[in-house]
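Let's take a friendly walk through the open and enclosed spaces of a protein, and then through the parts packed around them. Here is the structure to keep in view as you read.

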Amino acid sequence: MHMGRTRQQQLWLSDDSCSEDNNNNNNNNNNMPSNKSVSDAPITQFINCRILRDHKLQRDDLWVREGKILNPEKLFFDEQGYADERVDCEGSIIAPGFIDVQINGGHGVDFSQASDDAGSGVSFVAQKILEHGVTSFCPTLVTSPADVYHKVLPQVKVHDGGRHGAGVLGLHLEGPFISVEKKGAHPEQFLRTFRSGAGSLDDLMEAYGSLDNVAMVTLAPELSGSQSAVRELCRRGVAVSLGHSVANLSQAEDAVRSGASFITHLFNAMLPFHHRDPGIVGLLTSDQVPAGRTVYYGMIADGIHTNPAALRIAHRAHPSGLVLVTDAIAAMGLPPGRHTLGQQVIEIQGLHAYVAGTKTLSGSIATMDECVRHFKQASGCSVEEALEAASLHPAQLLGVSHKKGNLDYGSDADLTLLDDGLNVRATYISGEEVWRKGS
């Protein structure tokens, strides 16, 4: 870290009036920059880096003040300001912080377990995932009895990240309104239908207790009354995802017209692609998606859940909708053996997580940085595409891309620093270093 003005700033401030103003400022402030025309807050300049902006890696500096990304032209010309602190990135890539919209737990914590201290479990995982470049996430609950939702949901609040851990963008409730035939690792005895037949708010509230702090709900669109539920959730600002479903393409398109915008772990727990009725998978190329709308889809790029050829088909068909998710369970970060996922016992065998005694896959033990690396290798996509699938696309899905998922001026300075192999070197939230390799 270095103090003082950079050569770039000296060039930009070389005219007489600017030089005179800065000399006065320096004389008045013991050679410290004033930057007082807008804010007294210190300015950090990240140098010797390539930043991901406008879908390209660009050799440029990144400027941060008060947790936001600054426009250096305005800083120099409007304020005659310059950096209080410089961070030498040593050639690193700077990407927006990763966002995981489907993570069931990790490091021994299962978000779907009833607990009087669910918040501390979420906080523990939030701190652990910083080393994987994750700066925001959606704690995910799998199908559970109503009393679990009613106990856990009030304890998990949307909040910003920081040294304490990644920020919570809201809960992802995966179930219980899903298909018996495609339940996967979800316990059948706790699955629900919309009993009123109209997808009423009463059904949702009976199951969940509250929709406060809920960012997304996964449901099966073929269930009677589901379209009404989709509309109700969307009206309340909750993203709706389609998954664990035997829906045909027409039913999926109806759900999208009602407001659904995501597909939960594409290819997994849904009807396989068929040329006469491609099912939910067909949404990737459907001409029935309303103009101006994008259907996003989650991919568990762990090398286990999806064959690389299927990953490539999806990416090439609809690259702008691909969202990398870990679908990580409590066993992520733990050794092989038996662990829990909601009401089920899970067995870890190598890199596979199975419902104990079966060969039913049950979430993953992958981390987000592993998924980014595998996705790039398996799909042959660019570095930029791999990074945006873990940052920009999930932010767009959740409607927060005005402040997260990009390095635009004014966006939150949530940053992941990576080497050329896409290994995480450091993680920043609101411009503050919250994790660094080897420290």
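## The second largest pocket

The second largest pocket has 21 lining residues, and those nearest its centre are G184, A185, H244, A269 and L361. This is a predicted model, and the pocket in it holds about 300 Å³ of space. Sorted by class, its lining has 6 nonpolar, 10 polar and 5 charged residues.

## The largest pocket

Now for the largest pocket, where the space comes to about 380 Å³. Its lining is made of 25 residues, and V158, L169, L398, V400 and K403 are the ones nearest the centre. Four elements each give two or more residues to this lining: the strands β11 (134-142), β12 and β14, and the helix α12 (392-398). By class, the lining divides into 11 nonpolar, 9 polar and 5 charged residues.

## Enclosed cavities

Some spaces are closed off. How many cavities of 30 Å³ or more are there? The count comes to 2.

The largest cavity has a volume of about 50 Å³. Among the residues lining it are P96, G97, I99, T135 and S136, together with K403, K404, D412 and D414. K403 is a name you have met already, as one of the residues nearest the centre of the largest pocket. The cavity lining has 2 nonpolar, 5 polar and 4 charged residues.

The second largest cavity has a volume of about 40 Å³. Its lining consists of D100, I103, I129, H132, V134, T326, M332, T367 and M368, which by class gives 5 nonpolar, 3 polar and 1 charged residues.

## The nonpolar core

Which residues touch the most other members of the largest nonpolar core? They are F137, Y208 and L387, in a core of 82 residues. Helix α10 (residues 368-379) supplies the largest share of this core, with 5 residues.

L387 is a good one to look up in the model. Leaving out residues up to four places away in sequence, L387 touches L52, I93, A95, F98, V372, L418 and L422.

## Two helices and their cover

Helix α6 (residues 201-208) has four names to remember as buried: D203, L204, A207 and Y208. Why do they lie on the same side of α6? Because they cover an arc of only 110° around the axis. The cover over these buried residues includes α5 (146-152), β13 (171-174), β14 (214-219) and α7 (226-235). Just past the end of α6, G209 has a positive phi of about 90°.

In helix α7, the buried residues are S226, Q227, A229, V230, E232 and L233. What covers them includes α6, β14, β15 (239-242) and α8 (249-258). Just after α7 comes G237, with a positive phi of about 80°.

## A loop residue to finish

K157 sits in the loop between α5 and β12 (167-168). Is K157 buried, exposed or partly exposed? With a relative accessible area of 46%, K157 is partly exposed.

Not counting residues up to four places away in sequence, K157 touches V168 and N213. K157 and V214 are 57 residues apart in sequence, while their C-alpha atoms are 8.8 Å apart in space.

How values were computed:
Residues numbered from 1 in each chain as written. Predicted model: local features only at pLDDT ≥ 70, side-chain atom pairs only at ≥ 80, totals over all residues. Heavy atoms only, no water. 1 Å grid on protein atoms, 1.4 Å probe; cavity = no way out; pocket = protein on both sides within 12 Å on 5 of 7 lines; lining within 4 Å. Points joined across faces, edges and corners; volume = space filled by probe spheres on them. Nonpolar A, V, L, I, M, F, W, Y, C, P; charged D, E, K, R; others polar. Core = buried A, V, L, I, M, F, W, Y, C linked by side-chain atoms within 4.5 Å. Buried < 20%, exposed > 50% of the residue type's maximum accessible area, 1.4 Å probe, protein only. Contact = heavy atoms within 4.5 Å. Arc of directions from axis to C-beta.
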